[in-house]
Amino acid sequence: MSTTKKVIAFLFVGLFISSFNSFALNNPDAIVGVWKTGEGNAMVKIYKNGNKYQGRVVWLKEPNDPETGKPKLDKNNSDPAAKSKPVLGLINIWGFVPKEENLWDEGNIYDPKNGNTYSSTMKLINANSLEVRGYIGVSLIGRTDTWTRQVAK
């Protein structure tokens, strides 16, 4: 086998192995699970819905309204019909698609504290840390919160 053929064969094998390793490391379902927000006042269960990812509030540190003693409602929502729905069980993140290894984009995040919805990205820092960024317009103008994976007990 000539030197040129050996080099081409070596490059081809290297390219094949490299693409296989990249595919093996990229796990779009890596964000699936229960995550505690950075403030520690809520937990969100992220799951796959079709070919996108979304999340639902599954735990609140203070699930009840201190004034009424009843479950907290989505009272800041601009949709009058949604104002009477509880925050617990609310889908607050949706539309995320995997873009590259450890990055999900094109999503939205809803903040029941102020009733606003923001564009959002999520970046998996390690197996137990997820950076969730909400922004208006461009990603440079926004806020990042680090969520922590919760282990099933």
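Three exercises on a predicted model follow, each with a worked solution.

Residues are numbered from 1 along each chain as its sequence is written, and side-chain values use heavy atoms, without hydrogens and water. Because the model is predicted, local features need pLDDT of at least 70 and side-chain atom pairs pLDDT 80 or more, while totals for chains, interfaces and linings use all residues.

**Exercise 1.** Work out which pattern the protein chain follows along the sequence.

*Solution.* Start with the elements. They are DSSP runs, numbered from the N terminus: helices (H or I, at least four residues) and strands (E, at least two). The protein chain has one helix and eight strands. Now read along the sequence: α-β-β-β-β-β-β-β-β.

**Exercise 2.** Find which strand gives the largest share of the largest nonpolar core.

*Solution.* Define the core. It is a set of buried Ala, Val, Leu, Ile, Met, Phe, Trp, Tyr and Cys residues joined through side-chain atoms within 4.5 Å. Buried means under 20% relative accessible area, exposed over 50%, partly exposed in between (1.4 Å probe, protein chains only). The largest core has 16 residues; among those touching the most other members are Ile31, Trp104 and Met122. Strands 2, 4, 5, 6 and 7 each give two or more residues. Strand 6 gives the largest share, three residues.

**Exercise 3.** Decide whether Pro86 is buried, partly exposed or exposed.

*Solution.* Locate Pro86: the loop between strand 3 (52-60) and strand 4. Next, take its relative accessible area, 39%. Pro86 is therefore partly exposed. Finally, check contacts (heavy atoms within 4.5 Å). Beyond neighbours within four places in sequence, Pro86 contacts Lys72 and Leu73.
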